Amino acid sequence: MKRSAFLWEIGCEELPARWLSGLRRQLEKKVRSELEALGFPETELVVDGTLRRLVVHVAKLDEAQADRVEQITGPPLKIARDADGAWTPAAIGFARKNGVSADSLAIVETDKGAYLALEKKTKGRKTIDLLPELMARVLRGLPFPKFMHWDASLEDGKPFPFGRPIRWMVALYGAQVVPFVIDVVGSKSVKSGRHSRGHRFLAPKGSRPGARFSVTSYAELKRELKKHYVILDTSERRKRLEKALAKLETKAGSERVLGLEADLVAELVEWPGAVLGTYPEEFLNLPEEVRHTVLVHHQHYFPLAQLPAFIAPTNMGTDPKGNMRKGAERVVVARLRDALFFWDDDMKKPLSDREPELEGVLFHAKLGSYREKKKRVVPLAATIAVRTGSRESLVRRAASLLKNDLVTGMVGEFPELQGIMGGLYARAQGEPESVWKAVYSHYDPVGLDDERFPLNREGAVVSIADKLDTLASMFSVGIVPTGSRDPFGLRRQALGILRVLLESESRLSFSIDITPEELLGMALPPGEALDKLADFMAERLRFVFSRRYRYDEVNAVFALGALDRPVSDVGRRLEALAALRGSGDFEALSVAFKRVGNILSDQEPGEVAPADFVEAEERELYDALEAVAPEADAFLAAGRYESALRSLSTLRPHVDRFFDEVLVMAEDASVRRNRLALLERLRSSFGRVADLSEIVPAGDA
Amino acid sequence: MNFQKLIFTLTRFWSERGVVIHQPYDTEMGAGTMHPETFLRVLGPDPWRVAYVQPSRRPADGRYGDNPNRLYKHHQLQVILKPPPADIQDQYLDSLKACGIDPREHDIRFEEDNWESPTLGAWGIGWQVLLDGLEISQFTYFQQAGGIELSPISGEITYGLERLDMYLQNVDDVYDLEWAEGVSYREVRHRDEVEGSKFSFDEANVELTRAQFDQAKGESERLLAAGLVLPAYEQCLKCSHLFNTLDARGAVSVNERMAMILQVRDLACAVASAHTATLEEAS
């Protein structure tokens with residue numbers, strides 16, 4: 001069959017850059033599934049795009065669907081004929097609906113009995129006719145984070161909300177235009193055609209910026225776009241931006257500091273360029289965090305390390321008159337001047353004196369102000385400090401300073417600096433390092449992927465106390481996340497607590513050995529709220545680990561309890577399981593444990609009596625177990641679960657031989673009981689790390 | 001280009017495109033959006049094209065005339081195109097060209113920035129327009145006003161005149177702007193800023209302002225019941241400004257704050273419904 005290419009460009013007003021990577025993915029998914037549904041599987045599909053255009057290209061698309069034969073089932077045979085054997089209205093109706101006579105219908109046997117049926121041959125439709133429907137479904141199916149009404153409708157007459165208005169559309173199948181129309185109230189309809197548009201402001205010599213140009217193929221579109229100052233290929237756009245940035249880094253003799261993703265910046269532009277800007281040295285007196293927030297969050301500029309300088313990306317390639325550099329510098333200076341004003345002004349008042357002002361900052365309508373929240377957090381943090389062997393007076397001091405920065409001018413202007421500013425003001429006002437760092441980092445980490453983390457032990461404690469209070473107080477007034485509704489981000493708060501408990505050891509070299517259960521008990525009295533919060537935390541804990549470990553490993557460890565042991569302990573057990581996973585001995589042993597579990601399910605084994613062993617293999621297993629037990633016990637006691645499992649795994653040959661040669665359910669009751677006791681002993685040795693019978697062997701998964 | 005020339009240039013530009021040049025509304029307000037020529041005109045089905053300058057008071061933004069960028073009262077040039085033409089962005093860019101900005105020599109961007117006004121029950125989708133990194137305009141496709149879904153939608157362009165002119169005149173301090181030939185922004189406006197800030201931060205009589213708020217609210221409701229939509233809306237605008245004054249004065253507690261915003265919003269939504277009803281009756 002003849003094949004042609006399908007080329008589709010959706011030209012938009014500027015889409016939000018942060019949507020683009022998701023949109024390209026969704027677009028590809030939708031087009032692929034629509035093509036499959038139409039009977040075009042395995043197509044060569046490319047999707048790319050910038051903030052002003054989304055492009056789809058299918059290199060080879062059959063010119064029509066294959067013809068199809070489908071069986072349509074009608075009424076059951078028993079109601080299809082009357083007593084005289086004549087066709088009933090049900091049968092005649094079914095035949096008529098399908099345009100055939102009842103006599104030509106077939107009878108098919110199904111699970112539910114005999115039915116009338118007919119084979120319907122459907123001729124495959126032409127691709128050029130199918131594409132407009134596909135396009136409409138794809139466009140309607142794109143899941144924008146926020147939709148916009150623009151008084152547009154498609155041919156079905158129904159409203160067509162989209163991310164931003166569509167202003168042009170290229171739609172070609174081979175050399176033909178695929179007809180597609182978007183009607184817009186009060187303006188001309190958008191009709192598909194052969195014409196694309198380039199960069200908003202840049203154009204090749206002799207043509208006007210924004211003028212249309214026609215294309216016949218994907219290759220030509222890409223080529224023409226490049227001529228018209230648009231790089232369609234996202235990775236190429238990134239590379240070009242990176243190159244421009246690297247050039248200026250060399251020129252400045254410095255490097256970008258982390259904070260801004262070049263990938264995001266590459267989505268903001270179609271023709272990347274960059275300019276190097278500087279600001280007066282006096283602003284170096286402002287903390288780096290503040291300067292970088294101005295540059296990164298407010299301007300999408302890249303700060304340079306050590307220097308009062310930055311790189312501002314542009315959408316223009318070059319800066320012929322120096323306007324872009326000058327403009328960027330002016331904006332930055334104005335912002336920094338504001339920030340410096342706030343810094344000086346905020347410093348006039350000690351952070352610790354701001355507590356009463358928190359009365360005016362609402363935490364939640366049912367829970368009062370942040371001042372009230374603080375009254376709960378300080379003693380909670382102190383309790384956790386005492387219980388975990390942290391320095392109570394420092395924790396208490398840090399907790400008493402939390403949130404006071406919410407009423408500073410700086411945080412009013414730059415809300416994303418909350419916490420950090422508190423820490424910086426505390427530092428500048430002479431608080432000890434343990435205290436200011438704790439305040440600085442007490443919001444961290446939020447959620448599962450946040451790379452930030454409390455900077456010290458006191459920070460870990462106040463971070464837990466603050467989040468725990470948020471959860472406990474919200475649950476106590478009935479605010480419980482359900483389904484997709486979690487308006488206060490409580491899931492992320494819970495994940496934050498669990499991550500501090502789990503990761504303090506690897507990140508800060510100390511462990512907080514306290515169980516979630518005990519923590520929850522510090523924040524809530526027994527009752528419904530506590531029960532709900534415990535369920536919630538257990539579910540979050542499972543979630544934390546399910547991202548890092550296989551579900552059966554999580555089941556195996558959680559079978560021993562979850563909230564009632566330190567999170568880091570649960571983590572070490574899972575680490576051990578995951579480390580041994582895949583080793584032949586471990587897999588074999590877990591199979592054996594399934595058997596042991598089944599055998600023991602309704603038995604009550606007693607003590608092992610070595611004298612009662614009959615077979616050599618059972619004695620060998622017993623002796624081997626006795627031999628490794630002291631070592632394994634020592635590892636267990638030290639929390640070295642992997643080593644414990646490894647030493648127990650050396651039992652595998654003995655276990656294998658035992659099952660090969662020994663009949664557990666022996667005729668003789670005392671022999672049988674003794675064998676069961678041995679298996680129980682074996683199970684309990686391993687079972688102190690995890691319930692291995694939960695492990696699903698590789699072959700069964 | 002001095003401040004008044006900028007106003008002339010932009011209003012002329014839009015008047016040449018068939019836009020009605022309206023005048024500022026004579027009641028205090030925080031933004032050009034609150035002018036009835038925007039808030040009420042975007043409701044209902046009839047096309048409308050209008051532009052005007054609106055002095056916009058934001059009591060909490062006052063800085064006693066000391067800050068080079070922040071003002072108690074700044075000027076917005078507001079354009080409403082209902083429905084928005086397909087080339088609305090190009091028309092906007094042409095207006096910048098009319099001000100002497102050659103887009104080939106600058107970096108002009110449309111960056112995502114949606115707009116929402118809780119007190120007006122209004123929101124829209126759009127961008128901030130950045131000129132070499134400086135926000136010079138807000139560009140919004142109105143989706144809802146007074147709690148009512150709009151159809152057709154309106155395109156709203158709001159130029160921050162001081163910002164834009166500071167860029168054009170290459171000055172870093174708003175008071176250094178030339179307003180008219182030989183006359184500075186400072187001469188025209190500085191005292192207004194100093195006294196406006198003193199008034200809203202230090203002097204506004206809290207009890208009186210509170211009482212005025214309650215009175216204006218009651219009056220708005222009464223007028224609405226009497227079928228006088230525009231006068232009712234004026235009283236709603238007064239409430240909004242009185243609330244802003246109380247807020248700047250530090251006289252609004254947290255719980256009260258939300259409640260007051262909701263009261264103004266309720267008024268605005270009631271006005272919008274009543275106005276929509278009169279439009280339907282008329283048609």
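A residue counts as buried if 20 or more other C-beta atoms lie within 10 Å of its own, as exposed if 12 or fewer do, and as partly exposed in between; C-beta atoms are placed from the backbone. Keep that in mind for the tour.

This is a predicted model: local features need pLDDT of at least 70, side-chain atom pairs count only at pLDDT 80 or more, and totals for chains, interfaces and linings use all residues. Residues are numbered from 1 along each chain as its sequence is written, and chains are lettered from A and ligands numbered from 1 in the order in which they are written.

**Stop 1: chain A**

Select chain A. Of its 701 residues, 41% are buried. Show the cartoon: 24 helices and 18 strands appear. Helices (H or I, at least four residues) and strands (E, at least two) are DSSP runs, numbered from the N terminus. Now turn the chain. Its C-alpha trace spans about 100 × 100 × 50 Å along the principal axes.

**Stop 2: where the chains meet**

Add chain B. Here 36 residues of chain A are in contact with 31 residues of chain B. Contact means that two C-beta atoms, placed from the backbone, lie within 7 Å. On chain A, select strand E11 (187-193), strand E16 (309-314) and helix H8 (323-347); each supplies at least two residues of the side that touches chain B. H8(A) gives the largest share, seven residues.

Colour that side of chain A by type. You get 17 nonpolar, eleven polar and eight charged residues. Ala, Val, Leu, Ile, Met, Phe, Trp, Tyr, Cys and Pro count as nonpolar, Asp, Glu, Lys and Arg as charged, and the others, Gly among them, as polar.

**Stop 3: the cores**

A nonpolar core is a set of buried Ala, Val, Leu, Ile, Met, Phe, Trp, Tyr and Cys residues joined through C-beta atoms within 7 Å. The largest has 255 residues; Ile311(A), Ala381(A), Ala465(A) and Val271(B) touch the most other members. Helix H14 (residues 457-476) of chain A gives the most to this core, ten residues. A second, separate core has eight residues, including Ala91(A) and Leu116(A).

Zoom in on Val271(B). Among the residues it touches are Leu224(B), Val229(B) and Tyr233(B).

**Stop 4: three strands of chain B**

Strands pair if DSSP finds at least two bridges between them. Select strands E1 (residues 20-21) and E2 (residues 48-57) of chain B: they pair in the parallel sense over two bridges. Val20(B) stands opposite Val50(B). Next, add strand E3 (residues 73-82) of chain B. Ten bridges join E2(B) to E3(B), and the two run antiparallel. Finish at Gln54(B), which stands opposite Gln76(B).

Definitions and conventions
Lists of a residue's contacts leave out its neighbours within four places in sequence.
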